[in-house]
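Subject: Structure for your records

Hello,

Here is the structure I said I would pass on. My notes on it follow below.

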Amino acid sequence: MSTGWKLSRNHRTDSSQNTENPQPQPPIRSGRGASLARIWVQQRHLQTMALLGVVWMIIFHYIPMYGILIAFKHFDIIGTISSAPWAGLEHFRAFLEDYNFWYIVKNTLGISLLKLAIGFPLPILFALFLNEIRSTRFKKSIQTISYLPHFLSWVILGGILTTWLADTGMINQLLLAWGWIDQPISYLAEPSYFWAIVVSSDIWKELGWSAIIYLAAMAGVSTDMYEAATIDGAGRFQKMWYVTLPAIKGTISILFILAVSGILNSNFDQILVLRNSLNESASNVVDIYVYQVGIQQGRFSYSTAVGLLKSVLALILLLIANSVTKRINNTSLF
C-alpha cells in the first residue's frame with residue numbers, strides 16, 4: 001500500500017512539474033501566401049462571387065477606358081483608334097469656343113442645382129416624418145405609395161406627364177375648373193416651365209426611394225437617446241432636431257458628397273423624354289448635347305472630349321465636397 005501510494009505521489013509530482021514547466025514547442029511558421037490560401041479555401045464561395053463582380057468591373061469599366069484616347073485623336077469609324085491621327089486638345093478647345101457652350105452649361109447647372117437644393121433635403125424631411133408614424137399599417141401604405149414611381153421608367157412617366165400637361169390634360173382641366181387660369185397652357189411648349197417640370201417630376205419619382213437609406217440609418221439610433229430626451233421634456237420636433245438628425249449626419253454627408261459629384265448629370269432619360277423643339281432653349285444640357293453631336297452627327301472624338309471634360313469636372317467637385325464635409329463634421333468618403 002505504501003509503495004503504491006509513493007508511486008502515485010511521485011507520478012502526480014512528475015505530472016505537476018511537467019505542467020508547470022512545459023517543454024518548448026517549435027513555432028509554427030506560415031507565410032502570408034499560406035494564410036491567404038487558407039482564407040480563400042474557407043471562404044471560397046463568397047470569394048468566387050466577389051471575383052465575378054471584379055471581373056465584370058474590369059471588362060465593362062476599365063477595359064473600355066482605352067477608348068478615352070478618341071478624345072485626343074481624329075477618330076473615324078472606318079479606321080481604328082490606334083491608326084487615327086493625334087489631335088491633341090483641339091476638340092476640348094472647340095467645345096469651349098462653341099456658341100452653344102454657355103447656355104448648355106447654364107441649363108445643366110440650373111437644373112442640377114435646383115435638384116440638389118430642393119430634391120436633396122426633401123427625402124430627409126420625408127424620412128423624419130415617416131419615422132414618427134406609430135401606425136405600422138399606415139406607415140407601410142405611405143412607403144408603398146411613395147416607392148411606386150421609382151419602379152416606372154422615364155418612358156412611362158414621360159408619357160403620363162405629357163398627357164397630364166397637354167392642353168386638354170388633367171392639370172389644365174383642374175386649373176380651369178378652379179378658376180386659376182383662363183385658358184389652357186402648353187406647359188411642355190414653354191421653356192419657362194421646363195426646369196420646374198423636370199425638378200418636380202424627379203422629386204415625385206425618387207422621393208420615397210431616396211428616403212429608404214435615411215430610414216435605415218434612423219433604425220440604428222438607440223432608443224435610450226429618445227427616452228433620455230423624453231425625460232428631459234423634449235417634444236417630437238426637438239427629438240428630430242437634437243437626436244435623430246445628429247445621429248444620421250454621417251449618412252447625410254456621404255450622400256451629399258455623391259450628389260455634388262453628380263451635379264453635372266441632369267438625368268438624360270428624363271430630359272430626352274420631356275424635351276421637344278419648342279423647349280430646346282431650356283432643355284439642351286450636356287448629356288443631350290453629347291448625344292446629338294456624337295450619335296446623331298457622328299462626331300465621336302468631339303463628343304468623347306466633352307464627356308471626358310465633364311467627368312474631370314465631376315471628379316474635382318467630388319474632391320471639393322469630400323474635403324469640405326471632412327472639415328465640417330469629420331465625415332468623408334476617403
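**T304 and its surroundings**

A polar atom of the T304 side chain lies 2.7 Å from the backbone oxygen of F300. Please keep in mind that this is a predicted model. T304 belongs to helix α17, which covers residues 300-329. Is T304 buried, partly exposed or exposed? Its relative accessible area is 23%, and because buried means under 20% and exposed over 50%, T304 counts as partly exposed. Leaving aside residues up to four places away in sequence, T304 touches G67, I68, I70 and A71. H91 is 213 residues from T304 in sequence, yet their C-alpha atoms are 8.8 Å apart in space.

**The largest pocket**

The largest pocket holds about 670 Å³ of space. Its lining is made up of 24 residues, and those nearest the centre are K115, G119, D202, S210 and A259. Four helices each give two or more residues to this lining: α5 (101-119), α6 (121-131), α10 (191-219) and α13 (249-261). Which of the elements gives the most? That is α10, with nine residues. By residue type, the lining of the largest pocket has 14 nonpolar, seven polar and three charged residues.

**The second largest pocket**

For the second largest pocket the volume is about 310 Å³. It is lined by 13 residues, with N131, E132, R134, M218 and Y226 closest to its centre. Two or more lining residues come from each of α7 (136-147), α10, α11 (223-231) and α12 (236-247). Here too α10 has the largest share, at three residues. The lining of the second largest pocket divides into five nonpolar, three polar and five charged residues.

**Helix α6**

One of the helices that line the largest pocket, α6, also has a set of buried residues. These are P123, I124, F126, A127, L128, L130 and N131. What do the buried residues of α6 pack against? Their partners are α5, α7, α10, α11, α12 and α13. N131, buried in α6, is also one of the residues closest to the centre of the second largest pocket.

Regards

Definitions and conventions:
Residues are numbered from 1 along each chain as its sequence is written. This is a predicted model: local features need pLDDT of at least 70, side-chain atom pairs count only at pLDDT 80 or more; totals for chains, interfaces and linings use all residues. Side-chain values use heavy atoms; hydrogens and water are left out. On a 1 Å grid over the protein atoms alone, a cavity is a set of points where a 1.4 Å probe fits but cannot get out, and a pocket is an open set with protein on both sides within 12 Å along at least five of seven lines; lining residues have an atom within 4 Å of a point. Grid points are joined across faces, edges and corners, and a volume is the space filled by probe spheres set on the points. Ala, Val, Leu, Ile, Met, Phe, Trp, Tyr, Cys and Pro count as nonpolar, Asp, Glu, Lys and Arg as charged, and the others, Gly among them, as polar. Buried means under 20% relative accessible area, exposed over 50%, partly exposed in between (1.4 Å probe, protein chains only). Contact means heavy atoms within 4.5 Å. A polar contact is a pair of N or O atoms within 3.5 Å; within protein, one must be able to donate a hydrogen and the other to accept it, and residues adjacent in sequence count only if both atoms are side-chain atoms.
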